[in-house]
Amino acid sequence: MNKKTKFILVAASMSAGKSSLINALLGKELLPAGNEATTAKVARITVGAKAKPSAKAYSHSGSIVASSNTLCAEQMRTWNRSDEVSAFDVVIPHSGSKLHSMLAGYTLIDTPGANNNRDDRHKEQFISAIKAYPKSPILYVLNATQLGTNDDAEIIRTIRDINPRQRIIFALNKVDALDEEKGENAKHYVSLASTYLANLGYYNAKIIPLMAQSALIAKKSLNQIDLGRTERNILRTELERFREHPFHFNSAAAVPQVLKKNVRKRLTKISKGKMTEMSREELHAFVDYTGLSTVSSLIMDVA
Ligand SMILES: Nc1nc2c(ncn2[C@@H]2O[C@H](COP(=O)(O)OP(=O)(O)OP(=O)(O)O)[C@@H](O)[C@H]2O)c(=O)[nH]1
Ligand SMILES: [Mg+2]
């Protein structure tokens with residue numbers, strides 16, 4: 001692996017959306033994601049500038065047990081399930097799109113949810129990943145629908161105990177599932193998350209409201225990947241909400257003003273009704289709205 005590669009660890013409790021977030025950043029469904037405990041192995045995904053696609057699976061002793069020059073989700077699912085495999089490396093050439101090419105030279109490390117009580121190996125895998133990359137920042141995914149759990153507190157304390165100086169950026173995922181009619185607005189949830197994290201010793205945490213699933217769907221559409229019926233419905237619903245309140249999540253984010261301003265500038269066009277519905281321009285603005293662009297700028301800043 002290139003010496004200049006920068007690593008970013010993605011951590012969270014089970015099903016918060018780590019793999020979905022990585023897939024969204026990549027713009028395709030490479031890693032297995034789902035509601036059951038899904039990620040069982042550490043997966044390192046490197047976005048390469050001039051790289052050829054490649055994938056390698058490692059045994060528990062570190063030797064290569066399988067390799068491939070094509071990247072397919074089915075292969076990843078098989079390795080993720082195999083007892084023989086302890087981790088895998090994937091190199092993916094960048095697609096040339098702006099967001100994707102920004103990721104060139106970075107390795108995103110997907111980790112299993114460390115709170116899986118049915119399988120202690122997930123916690124061990126997670127702890128060894130934290131120990132292996134003490135200088136790399138962590139992108140910690142909080143689940144907005146399960147905020148403030150003891151599981152998250154335990155994982156965050158584990159990180160702090162192992163490496164108190166490790167930088168963490170927090171994505172507050174699944175904000176699409178908040179029910180605004182019941183007063184569950186993003187700003188309020190960011191403030192709840194902020195208090196919760198301060199109680200765990202992380203003061204003035206950077207917290208970005210995020211909709212990883214919708215971001216992935218929009219990116220798939222931009223990459224001309226066919227969408228299923230459920231995905232089309234989700235995209236339609238979320239685009240409607242976006243057109244009504246384009247600044248909703250941007251205003252709620254607890255991040256430096258300059259980052260907010262950049263995104264705001266792009267979103268202003270929407271509020272002035274200048275974009276054609278479902279155009280590429282609108283989908284790009286929607287990706288900004290989901291929080292994905294802010295997450296990637298922030299994490300690359302600190303990596
Ligand atoms: N509503 C909603 N669901 C999401 C979002 N992001 C991910 N999900 C769903 O949440 C479920 C879990 O997502 P994963 O990406 O597998 O979560 P994970 O953290 O990788 O889970 P483990 O690997 O099992 O620890 C999947 O069904 C996703 O489709 C989101 O922004 N909104
Ligand atoms: Mg996962």
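Helices are taken here as DSSP runs of at least four residues, numbered from the N terminus, and by this convention H1 in the present predicted model is followed by Gly 27, whose phi is positive, near 80 degrees. The helix that precedes this glycine spans residues 18-26, and nine of its nine residues are buried, so H1 is largely enclosed by the rest of the structure. The buried set runs from the charged and polar positions Lys 18, Ser 19, Ser 20 and Asn 23 to Leu 21, Ile 22, Ala 24, Leu 25 and Leu 26.

The protein as a whole comprises twelve helices and nine strands. Its radius of gyration is 18 Å, close to the 19 Å that the globule rule gives for 303 residues, and the protein is therefore as compact as a globular protein of that length. The C-alpha trace spans about 55 × 45 × 35 Å along its principal axes, and 44% of the 303 residues count as buried. Among the contacts with a separation of 6 or more, 74% are accounted for by residues 24 or more positions apart.

Helix H1 also contributes to the surroundings of ligand 1, where three residues from H1 form the largest share of the shell. In total, 23 residues surround ligand 1, the closest being Ser 20, Ala 33, Thr 39, Gly 113 and Gln 213. The elements that give two or more residues to this shell are H1 and H7. Divided by class, the shell around ligand 1 holds nine nonpolar, eleven polar and three charged residues.

Helix H7 (residues 212-222) is in turn paired with helix H8 (residues 229-244), the two axes coming within 10 Å and crossing at roughly 105 degrees. Because angles of 65 to 115 degrees count as roughly perpendicular, H7 is described as roughly perpendicular to H8. On the H7 side the contact involves Gln 213, Ser 214, Ile 217, Ala 218 and Ser 221, which meet Glu 231, Ile 234, Leu 235 and Glu 238 in H8. The residues of this contact divide into four nonpolar, three polar and two charged. Gln 213 thus appears both in the contact with H8 and among the closest residues to ligand 1.

Both H7 and H8 are also packed against by the buried residues of H11, as are helix H9 (248-252), helix H10 (257-271) and helix H12 (292-302). Within helix H11 (residues 280-289), the buried residues are Ala 285, Phe 286, Val 287, Asp 288 and Tyr 289. H11 is followed by Gly 291, whose phi is positive, near 100 degrees.

Methods:
Residues numbered from 1 in each chain as written. Chains lettered and ligands numbered in written order. Predicted model: local features only at pLDDT ≥ 70, side-chain atom pairs only at ≥ 80, totals over all residues. Axes fitted to C-alpha atoms, helices over the stretch in contact; angles between N-to-C directions. Parallel < 35°, antiparallel > 145°, perpendicular 65-115°, else oblique. Contact = placed C-beta atoms within 7 Å. Buried ≥ 20, exposed ≤ 12 C-beta atoms within 10 Å, placed from the backbone. Near = placed C-beta within 6 Å. Rg over C-alpha atoms; globule rule 2.2 N^0.38 Å.
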